[in-house]
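Here is a structure to read through by question and answer. Each answer sets a value against the rule that gives it meaning.

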Amino acid sequence: MEKIRVALVGVGNCASALVQGVQYYKDTKSEEQAIGLKHFLLGGYHARDIEFVSAFDIDRRKVGKDLCEAVFSPPNNTLKLTEVPKQGVVVQKGATLDGVGEYLKNVIQISDAPPVDVAEVLKATRAEIVLNLLPSGAVKASEWYAEQALKAKCAFVNVTPTPIASNLVWSRKFEDAGVPVVGDDLIDQVGATTLHKTLLKLLSDSGVKITETYQLDVGGGTESLDTLDRTRETKRTIKTKAVATALPYKAEIVAGSTDFVDFLENRRDSYFWLQGTYFCNVPMRMDVRLCTVDAPNAGSMLFDVIRAVKIALNRKIKGSLASVSAYAFKNPPQAEPLDIAEQWFREFIEGKREG
Ligand SMILES: NC(=O)c1ccc[n+]([C@@H]2O[C@H](COP(=O)([O-])OP(=O)(O)OC[C@H]3O[C@@H](n4cnc5c(N)ncnc54)[C@H](O)[C@@H]3O)[C@@H](O)[C@H]2O)c1
């Protein structure tokens, strides 16, 4: 298959897991061998068809380094999953804007290299897809990189919660540029929001009346620290809204990231608490704890999204891709229950849906 040419914006933990993941799965020969992936092949594309052609960051420990070294440079602290050979892609300095929040001022060491012309680098490296992996609080920077993608006529995947794919003005800009856009805020493979919704649906389908429920996280990556500072409320709103769609009635719901515990490193503990009543108003309660590592939790979904966006590019589909966004993102332009989103995604891959 033709390679899928991807540019990385932000070489943090998530980028590290993705780059390592391509190496980890590159020699996989069958569905049975592809343990940990939702799709071994998607639209005929294999994980090894994903090729990184340019990368941007602002931290001096990453800028100027080959991607193979940058993904393991501090403050990245996710798992080492495999060796990464030289990629021939040197991380270039992007514009900082609001990339570094108050709580990360002593963690990120801003490079004093001059910023490059990102749109020109995207064109020169023939990038097809820009993957936005900036901190969730970097709203202005995310918008700025979306502008660079538009200038270079690249598709845009917004992994962050900054409203881009879900914003009509932005999706029109991508439509006008003739390229697709998907987002916002990626759903994890073993996602706390998905698990919460599934538990609520299971109980409510069984006749349980849920009265109160919460889901709160603790994590130790730089993203958890940034969330504590800048995006706690945004994330809470997105997740609470997403979880509420699982119940056909109103209940007291709180869902969202909460706190930073540095020694957890890139690990995340998600706590779920559900309370309701069943037969003859008898009370029930459930306590669940889910333990994951954050960055690898994005890998399988990112493989699917990158391959699906490549399919959209091949079909010359432009603007917001409703099916891919509903399947892979917490805040898509059009939110649908899990089963419908899965069906839309399948239909899109099979060519039975436009976007
Ligand atoms: N499972 C997951 O990891 C997951 C799931 C859903 C969404 N996300 C989102 O993905 C994004 C990335 O998460 P992460 O854990 O990799 O974060 P991270 O903090 O590890 O990485 C962010 C990177 O961006 C760089 N950066 C900051 N400002 C920049 C700028 N202006 N230009 C270029 N680079 C800049 C930082 O130096 C860092 O390398 C976050 O917005 C997060 O909410 C991640």
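The turns below deal with a predicted model, its ligand shell, its strands and one helix.

Q: What makes a residue part of the shell around the ligand?
A: A residue is near the ligand if its C-beta atom, placed from the backbone, lies within 6 Å of it. The shell holds 35 residues, and the closest are Gly10, Gly12, Cys14, Gly99 and Thr160. Helix H1 (13-25), strand E2 (50-57), helix H7 (222-244) and helix H8 (296-314) each give two or more residues. H1 has the largest share, with three residues.

Q: Which domains does the shell around the ligand draw on?
A: At least three residues come from each of domain 1 (4-187 + 296-349) and domain 2 (192-293).

Q: How do you know that strand E7 pairs with strand E9?
A: Pairing needs at least two bridges. E7 (residues 209-219) and E9 (residues 267-278) have 10 bridges, in the antiparallel sense, so they count as a pair. Valine 218 stands opposite aspartate 269 in E9.

Q: What makes E7 and strand E8 a pair, and in which sense do they run?
A: Eight bridges join E7 to E8 (residues 252-260), against a requirement of at least two, so they pair; the two run parallel. Leucine 216 stands opposite glycine 256 in E8.

Q: How do you know that H7 is not straight?
A: A straight helix of 23 residues would span 33 Å at 1.5 Å a residue, but H7 spans only 28 Å between its end C-alpha atoms. H7 bends by about 90 degrees at threonine 231.

How values were computed. Residues are numbered from 1 along each chain as its sequence is written. This is a predicted model: local features need pLDDT of at least 70, side-chain atom pairs count only at pLDDT 80 or more; totals for chains, interfaces and linings use all residues. Helices (H or I, at least four residues) and strands (E, at least two) are DSSP runs, numbered from the N terminus. Domain bounds come from an automatic or database domain assignment. The expected span of a helix is 1.5 Å times one less than its number of residues. The bend at a residue is the angle between axes fitted to the seven residues ending there and the seven starting there.
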